[in-house]
Amino acid sequence: MARSVHQDLKRSTRALARDLFYAAGSVPILGHFIVDAQTKRYNANNADVARLFNGLYADFAMAERAIPPGRESGYDNKRSANRLLNEWLAIDPSDYPVLFWLSRVLPASTYLFDWGGNVGLKYFAYRKYLACPASVTWCVNDVPAVVAAGREIAERERATALVFTTTLEELSKADVLLAAGVIHFIESPFELLRAAPHLPRHVVLSKVPAYDAPAAVTLQNMGTAFCPNHLFNRSQLVQTFVELGYRLVDEWRSPELTCEIPFHPEHSVQGYSGFYFTKDA
């Protein structure tokens with residue numbers, strides 16, 4: 001109990017200090033130096049940065065125009081493709097609800113489509129915890145640079161159940177759609193789902209920046225490159241899946257993942273979300 005109170009106090013103190021810092025950004029003269037310092041920190045070319053956010057934009061195109069000149073955009077480059085290789089066996093708190101639901105649905109499935117699955121990060125991290133039938137194909141979708149790295153790792157690890165694709169064509173084969181920390185990086189994720197000829201019965205979303213504020217777009221510096229990010233309105237996101245024929249079964253929060261946008265506290269996300277949807281048989 002004492003440890004929990006101490007942690008809450010530390011979080012509150014950090015939040016207060018952050019809010020005072022951002023509030024000072026509107027103070028004449030002083031504010032100029034604060035905004036300049038924040039901009040320099042945000043624009044840092046450092047692979048260890050990972051989670052810096054800045055600005056609000058109407059759409060992805062506007063966010064992309066704000067990327068500093070000469071800097072990479074997205075994951076389809078060597079530095080970004082290799083950024084998470086040292087995390088391929090990591091299990092985070094946000095993974096446990098995903099593991100729970102996959103353990104329930106995979107025994108009756110034959111094909112999982114891992115949208116934006118990087119080099120098969122979740123396959124390798126989960127396989128020692130999941131009683132995954134040998135008949136299940138785990139198909140990872142990602143950009144070409146990432147897929148190339150993933151195929152090398154799968155061959156090295158003799159992961160014969162793991163396959164890769166750069167398109168969404170294989171989605172129509174799937175019983176399960178897993179999207180862990182990806183849909184906010186995709187410009188039109190729901191339009192792509194609507195266009196699919198067949199959708200999986202089960203959808204597990206993890207690490208989604210969803211909140212109760214109006215939907216928006218921000219720009220993330222992940223160290224190796226800059227990426228536009230959706231900030232989803234929670235109710236609208238759920239309603240979109242309902243319109244696609246799904247029913248929301250479960251929802252959870254991942255407080256270890258946040259999106260703090262300097263000078264825009266009303267659009268900062270204090271804890272990402274996960275969702276499990278299903279279509280009734």
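Biologist: Before we start, what does contact mean here?

Modeller: A contact means heavy atoms within 4.5 Å. With that in hand, and bearing in mind that this is a predicted model, residues 24 or more positions apart account for 79% of the contacts in the chain with a separation of 6 or more.

Biologist: OK, and how many helices and strands does the chain have?

Modeller: The chain has 9 helices and 11 strands, and of its 281 residues, 49% are buried.

Biologist: Let's do the sheets. What is the strand order in the sheet of 7 strands?

Modeller: That open sheet runs in the order β4-β3-β2-β5-β6-β11-β10, and its pairing is mixed. Its edge strands are β4 and β10, the latter covering 247–259, and each of them pairs on one side only. From one strand to the next, the twist averages 15°.

Biologist: Take β3 in there. How many of its residues are buried?

Modeller: In β3, 4 of the 5 residues are buried, so the strand is largely enclosed by the rest of the structure. Strand β2, residues 111–115, pairs with β3 in the parallel sense over 5 bridges, and Y111 stands opposite T137 in β3. The chain gets from β2 to β3 through α6, and this β-α-β crossover is right-handed.

Biologist: And what about β3 and β4, in which sense do they pair?

Modeller: β3 and β4 pair in the parallel sense, over 4 bridges, and the bridge partner of V140 is F164 in β4. Together with α7, these two strands make a right-handed β-α-β unit.

Biologist: Further along, what stands opposite L178?

Modeller: L178 stands opposite V204 in β6, and the strands concerned, β5 and β6 (residues 202–208), pair in the parallel sense over 5 bridges.

Biologist: Hm, V204. Which residues does V204 touch?

Modeller: Leaving aside residues up to four places away in sequence, V204 touches V98, W101, L102, L177, L178, A179, W252, F275 and Y276. V204 also belongs to the largest nonpolar core, which has 31 residues, and it is among the members that touch the most others, together with L102, L106, Y126, W138, L162 and L178.

Biologist: Which helices and strands supply at least two residues of this core?

Modeller: At least two residues each come from α5 (95–105), α6 (121–126), β3 (137–141), α7 (144–156), β4 (162–165) and β5 (176–180). Another core, of 27 residues, lies apart from it, and its members include A179, L193, Y246 and F275. As general background, nonpolar side chains tend to be buried together in soluble globular proteins.

Biologist: Switching to aromatics, how many aromatic pairs are there in the whole structure?

Modeller: A search of the whole structure finds 9 aromatic pairs. One of them is formed by Y123 and W138, which meet edge-to-face, at 5.6 Å centre to centre with 70° between the planes. Y123 lies in helix α6 and W138 in strand β3, so the pair ties together parts that are 15 residues apart in sequence.

Biologist: Are those two buried or exposed?

Modeller: Y123 is buried, with a relative accessible area of 11%, and W138 is buried as well, with a value of 2%.

Biologist: Why is the F241 and Y246 pair called edge-to-face?

Modeller: Planes over 60 degrees apart count as edge-to-face, and the planes of F241 and Y246 are at 65°, with the ring centres 6.0 Å apart, so the pair is edge-to-face. F241 is buried, at 2% relative accessible area, and Y246 counts as buried at 5%. Both of them belong to one aromatic cluster, with F190, F232, F275 and F277.

Biologist: Back to sheets. What is the order in the sheet of 4 strands?

Modeller: That open sheet has the order β1-β8-β9-β7, with mixed pairing, and its edge strands, β1 (52–57) and β7 (210–211), each pair on one side only. Strands β8 (residues 216–221) and β9 (residues 226–233) pair in the antiparallel sense over 6 bridges, and T218 stands opposite N229 in β9.

Biologist: Which helix packs on that sheet?

Modeller: Helix α9, residues 234–243, packs on it, touching β7 and β9, and its direction makes about 85° with that of β9. α9 also lies across β6, β10 and β11 (269–278), where it runs at about 15° to β11.

Notes. Residues numbered from 1 in each chain as written. Predicted model: local features only at pLDDT ≥ 70, side-chain atom pairs only at ≥ 80, totals over all residues. Heavy atoms only, no water. Core = buried A, V, L, I, M, F, W, Y, C linked by side-chain atoms within 4.5 Å. Buried < 20%, exposed > 50% of the residue type's maximum accessible area, 1.4 Å probe, protein only. Pairing = 2+ DSSP bridges. Axes fitted to C-alpha atoms, helices over the stretch in contact; angles between N-to-C directions. Right-handed = clockwise from strand over helix to strand, strands pointing away. Phe/Tyr/Trp six-rings, centres within 6.5 Å; stacked < 30°, edge-to-face > 60°.
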